[in-house]
Amino acid sequence: MSVLNEKTNDKTRIILYVFRTVLLLSFFYKIWFMAEMQSNAFVNSFGNIMLTKIMVYIINAVTAWLMCWFATHLTYIMISRSQYCPINNNGDFILSKNDYHIIVYFAIIISNIIAGSLNFVAYTVPVSILLFVLLMPVLMAILSIVLIFTLIAIKCDKKDIKGLFVSMAMPCVIFLLLLR
Amino acid sequence: MKKRVFIFLVIILSLTMILSGCTSNKSALEVAQGETTNFVQGTKPFETLTEFVKSYPNRTAGYVELNGENGYVDYSYNAVNWISEQLLEMGYSPSYEEPLQEFYYSNPFTNKNEKGYNAIFKKESASDKKVVIGAHYDNVASLAVDGKILGGDGTYSSGVGIATLIETARVLKDKNLPFDVEFVAFGASEVGGFGSMKYLESQNKKENILLMIDFDRNAIGDYVYMYSSEAKTKHNNFFYDIAKQNQLYIKELPKYMSPALIATSAGNGIYVNEAMYAESDLFLKEGINIINFISMNFSAKGGVCENEGSADILYTVNDNLDNVILRCGGDSVAQEVISRQINSAISTVVYAFENENFVNVMQESKANGGKDWMLNVATVSYIAYGILGGLILILFVLYFSLRKKTKQHDVYINTMYGRVNAKTGQFVNQNNEPINDDKVASEFEKIFKDFQETGRVNNHNSNDNKDGDNINNNTNDKDKDIFGDY
């Protein structure tokens, strides 16, 4: 089965490490608005304002990053073990584990950058705090999923798109629940 | 020698001015040196403030002390009784049978069920509409957090509010207005806003409240602002227009900035937070139009504070009249600054009430500019999680409907010799080409038999494959496998 599809090389591995790091940084960027609000709410919880701010950023960003990493692993297992996923000549899922991770990380990095940039709007639009804190993560998770699906679909034959959709339906639920 | 004495005196004088917070007075004085204003006449705010805070320096809610022959003395009761007497003397009648509305609340500082009081007086009209003018009278003189006393005599929070309330009542006494006015001195505010909470609970017809005006910390800061909501509202614009027309000392709110932005180094966070930290907040949450008069500096470089460069009055022992006078540079300057700020608030209210469009504007205006749903946590949560839940539901429906119509690809079982097509039973090599080899036939037969019996096989990485036979020995795995859809 394609769980074993670990065809990789140094170049892919380097790209994967870079993306994984950039992903973490992108989460810091994405959550800054919420983190600033939380910092103001907790103020001196960790002894001083700056330490509180740093802790709030780290806790939020690292938690989001770990959840994303877990979701990526889980969804790859689900997709690659599906009977409907697009396969290569060997009968394996067309994407190796590393390729899949790179695609997912790339999509999430893009949506994180968009989300982080949209936060600037929240600074100037009154009555928008709740929309940005509660609604935006959901919308950004949807955007990420659409991007992931699109990027994988580009690598598939047209006839396999339907199968890709079926194999990705449940993984998408996982993404919706875990991407924050 | 004289020269030395002179230099010494200059140095001492300079140090005294610096230590007494002269820098923070600068902007307060700037306010006092404004253009010609059109104040209403007949008020004496500084005298009322002085009498109130000097007579009742301790108005802590729930603070009862044994006081010699008088037995237990409830200082907050004495304070509200004084306010009640002032309004009775002016000729106002209590809104209810008793001048004081009694209520009970759970005091988080004493962990006891305490008795609190609101003083509620009214000015009646033929209309069933009313405007509520309120201020809280209690302070934090006896409250301590971590052994540190929180406050002084509460001149800033909110002796000035009560002085403004009483003086507004004095000016409005002889006015004919097309709506009722209710004057409310709220109790137990500093310990959790219980006074306004109980007042609102006692209101049967909240829809008849045109406006709630709150005087809270409305003097002593650098500037007086009028806050209504995060959103722009008609009634706020109306009040600002009135203030501008009469050259009153009311400053425009700064451009909206999110609460996430301002660092709290100055101690008070962002202006929206500060402005909502008042009795009026509960009214706003009920969808009632509010105007909250608050005196601070919302655009100070170091963050929101009372005076530029200092945020050391609220909830500190500095919140007392003597300190305020010292900061202002003397009794006369303090009197001038405080009176101008309080008179600005009173005049704005009185001129607004006298405006013929007042009732219409208040009826047309919406408390949050019609954007209440965006401020409602429950509503926004329902939308966000509704989208999430809806999408998950759609994905499930699509999955189960499409999987029947979608062609499945072959599943192969890896063995040490090659791969078996689990559907057809055909033994193939790594390129999925058929293999006819007697050596593997028995292996294949074994695997395929197992597959047919159990309905599934395991892969190389399975814990079940410790024996290396690539065969799933655990029939229960079928039920446990939630990831594979085969």
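This passage describes the fold, burial and selected local features of chains A and B. The model is predicted.

Chain A is helical, with 6 helices and 0 strands. From the N terminus on, its elements run α-α-α-α-α-α. Of its 180 residues, 53% are buried. Contacts in chain A are mostly long in sequence range: among those with a separation of 6 or more, 76% link residues 24 or more positions apart. The chain exposes about 7,600 Å². Carbon and sulfur atoms supply 73% of that area.

Confidence in chain A averages a pLDDT of 86, and 89% of the residues score at least 70. Residues 1–5 of chain A fall below 50. This stretch nonetheless has 25 contacts in the model beyond near neighbours in sequence. Where pLDDT is low, predicted coordinates should not be read in detail.

Two residues of helix α4 in chain A were examined. A:H101 lies in this helix. Its relative accessible area is 2%, under the 20% limit, so A:H101 counts as buried. Outside its neighbours within four places in sequence, A:H101 is in contact with A:L16, A:R20, A:T72 and A:H73.

A:F106 also belongs to α4, which spans residues 97–124 of chain A. Its setting is not that of a buried residue. A:F106 has 37% relative accessibility and is therefore partly exposed, a class that lies between 20% and 50%. A:F106 contributes to a nonpolar surface patch of about 410 Å². The other members of the patch are A:I110, A:I114, A:L118, A:V121 and A:V125.

Chain B combines both kinds of secondary structure, with 16 helices and 15 strands. It has 486 residues, of which 53% are buried. Its contacts also reach far along the sequence. Among those between residues at least 6 apart, 73% join residues at least 24 apart. The exposed area of chain B is about 23,100 Å². Carbon and sulfur atoms account for 51% of this area.

Helix α11 of chain B covers residues 331–354, a run of 24 residues. From its first C-alpha to its last, the helix reaches 33 Å. This is close to the 34 Å expected at 1.5 Å a residue. In α11(B), 17 of the 24 residues are buried, so the helix is largely enclosed by the rest of the structure.

Terms used:
Residues are numbered from 1 along each chain as its sequence is written. Chains are lettered from A and ligands numbered from 1 in the order in which they are written. This is a predicted model: local features need pLDDT of at least 70, side-chain atom pairs count only at pLDDT 80 or more; totals for chains, interfaces and linings use all residues. Side-chain values use heavy atoms; hydrogens and water are left out. Helices (H or I, at least four residues) and strands (E, at least two) are DSSP runs, numbered from the N terminus. The expected span of a helix is 1.5 Å times one less than its number of residues. Buried means under 20% relative accessible area, exposed over 50%, partly exposed in between (1.4 Å probe, protein chains only). Patches are made of residues with over 30% relative accessible area and no salt bridge: like charges are joined within 9 Å, nonpolar side chains (Val, Leu, Ile, Met, Phe, Trp, Tyr) within 5 Å. Accessible areas come from the Shrake-Rupley method with a 1.4 Å probe; for residues, only the protein chains shown count as cover. A salt bridge is a side-chain nitrogen of Lys or Arg within 4 Å of a carboxyl oxygen of Asp or Glu. pLDDT is the predictor's confidence in each residue, from 0 to 100. Contact means heavy atoms within 4.5 Å.
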